[in-house]
Amino acid sequence: MPLPKPSPATTAIVTGASSGIGVDIARELASRGYGVTLVARREEKLRELAAELSGTVRVEVIACDVADPDARAALFEEVAARGLTVDILVNNAGIGTIGAVAKSTVAAEIAQVRVNVEAVIDLTTRAVQQMVSRGRGAILNVGSTAGLYPFPGQTGYAGTKAFVISYTAGLRTELAGTGVTVATLIPGPVRTEFLQNAGMDEKTFAAAFPKFLWRSSRDVASIGVEALDGDRGSVIPGLPNRVIAGVAKRMPNRILLPLLAKQHPALRRDRTPR
């Protein structure tokens, strides 16, 4: 089932639309004629993107912290109050801790669950219940190759993304034949604000992973939207990432995990005496 046709009365909600992949997914959808509702905490960033996209499609801005249950509950109501129907939902907002759990805080570890898991369940459930009754709709959930196997150094984050991958695959099967399509975008390393927000130096992190694994947010966004439109179910952008993911999934954890732990720059940082 391809993407629903764009119309003046429908919109695509994109969470985490203030930077990185979210910005480029909004751009990709707008280039295809879809009105977009930009959602994130930083309203000023959303308005900058809205100014860029306005004139080609209808653009709405809703400042919302998807970690807040009350804010999430009000999101779809606000969209409806603006006379719009949600035909596309992109759950892109995501945060994560980087480094040893022993060096982290409870608050930081739980915060990523609220954004990466709770918000995905909440917004997806609301969208699905509306879309199925109409017989049309599309949902793109953004995962990560870190969620394909345990990932020391980003243990909590990888666990949340493993949930996204599993949840979306199960939901896709439930929705077969309803007119609603669901897909998971599973990128490898992408240059966004994620590392900075997690307190990790980007150059140090990038040096630990080969350059050929890195993709631009624009490429990732385009591939994700194309996968959703093509009803592909899931997609890992970039052949090198697909090959490495396939090899890693076939390696015994007793071999794979020590290698990942040794390679991860945040764990090396946390082991260094201060």
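The following questions and answers concern a predicted model.

Visitor: In what order do the seven strands of the open sheet lie, and in what sense do they pair?

Guide: The pairing in this open sheet is parallel. Read across the seven strands, the order is β3-β2-β1-β4-β5-β6-β7.

Visitor: Which are the edge strands of that sheet?

Guide: An edge strand here is one that pairs on one side only. That description applies to residues 59-63 and to residues 234-235. The edge strands are therefore β3 and β7.

Visitor: How many bridges join β4 and β5?

Guide: Strand β4 covers residues 85-91, and strand β5 covers residues 137-142. Within this pair, Ile88 stands opposite Ala138, and Asn91 stands opposite Asn141. The two strands pair in the parallel sense, and the number of bridges is four.

Visitor: How many bridges join β5 and β6?

Guide: The pairing of β5 with β6 is again in the parallel sense. Ile139 of the one strand stands opposite Val182 of the other. The number of bridges between β5 and β6 is six.

Visitor: Are the faces of β5 covered or open, and which residues lie on each?

Guide: In a regular strand, side chains alternate between the two faces of the sheet. Six of the six residues of β5 are buried, and both faces of the strand are covered. On one side are Gly137, Ile139 and Asn141; on the other are Ala138, Leu140 and Val142.

Visitor: Which residues of β6 point one way, and which the other?

Guide: Strand β6, residues 180-185, is mostly covered, with six of its six residues buried. Both sets of side chains are thus made up of buried residues. Val180, Val182 and Thr184 point one way, and Thr181, Ala183 and Leu185 the other.

Visitor: What distance separates the end C-alpha atoms of helix α1, and what span should its twelve residues have?

Guide: Helix α1 comprises residues 20-31, and a rise of 1.5 Å a residue is assumed. Because the expected span takes one less than the number of residues, the twelve residues should span 16 Å. The end C-alpha atoms agree with this, at a separation of 17 Å.

Visitor: Which residues of α1 are buried?

Guide: The helix is mostly covered, with ten of its twelve residues buried. A residue counts as buried when its relative accessible area is under 20%. Those of α1 that meet this condition are Gly20, Ile21, Gly22, Val23, Asp24, Ile25, Ala26, Glu28, Leu29 and Ala30.

Visitor: Which residue follows α1 with a positive phi?

Guide: The backbone angle in question is near 95 degrees. The residue that has this value is Gly33.

Visitor: What distance separates the side chains of Ser18 and Arg42 in their polar contact?

Guide: Ser18 is placed in the loop between β1 and α1, and at 14% relative accessibility it counts as buried. Arg42 belongs to the loop between β2 and α2, and with a relative accessible area of 30% it is partly exposed. The polar contact that joins their side chains has a length of 3.2 Å.

Visitor: Is Asp231 buried, partly exposed or exposed?

Guide: Asp231 is found in the loop between α8 and β7. Its phi is near 55 degrees, a positive value in a residue other than glycine. Relative accessibility is 26%, so Asp231 counts as partly exposed.

Visitor: How far apart in space are Thr178 and Glu60?

Guide: Thr178 lies in the loop between α5 and β6, and with a relative accessible area of 22% it is partly exposed. Along the chain, Thr178 and Glu60 are 118 residues apart. Their C-alpha atoms are separated by 28 Å.

Visitor: What is the volume of the largest cavity?

Guide: Rolling a probe the size of a water molecule over the atoms shows where empty space is left. In this model the count comes to one cavity of 30 Å³ or more. The volume of the largest cavity is about 30 Å³.

Visitor: Which helix gives the largest share of the lining of that cavity?

Guide: The lining consists of Thr15, Val66, Asn91, Asn92, Ala93, Val115, Ala119, Val120 and Leu123. By class, six of these residues are nonpolar, three are polar and none is charged. The largest share, four residues, comes from residues 106-134, that is, helix α4.

Definitions and conventions
Residues numbered from 1 in each chain as written. Predicted model: local features only at pLDDT ≥ 70, side-chain atom pairs only at ≥ 80, totals over all residues. Heavy atoms only, no water. Buried < 20%, exposed > 50% of the residue type's maximum accessible area, 1.4 Å probe, protein only. 1 Å grid on protein atoms, 1.4 Å probe; cavity = no way out; pocket = protein on both sides within 12 Å on 5 of 7 lines; lining within 4 Å. Points joined across faces, edges and corners; volume = space filled by probe spheres on them. Nonpolar A, V, L, I, M, F, W, Y, C, P; charged D, E, K, R; others polar. Polar contact = N/O pair within 3.5 Å; in protein donor to acceptor, adjacent residues only side chain to side chain.
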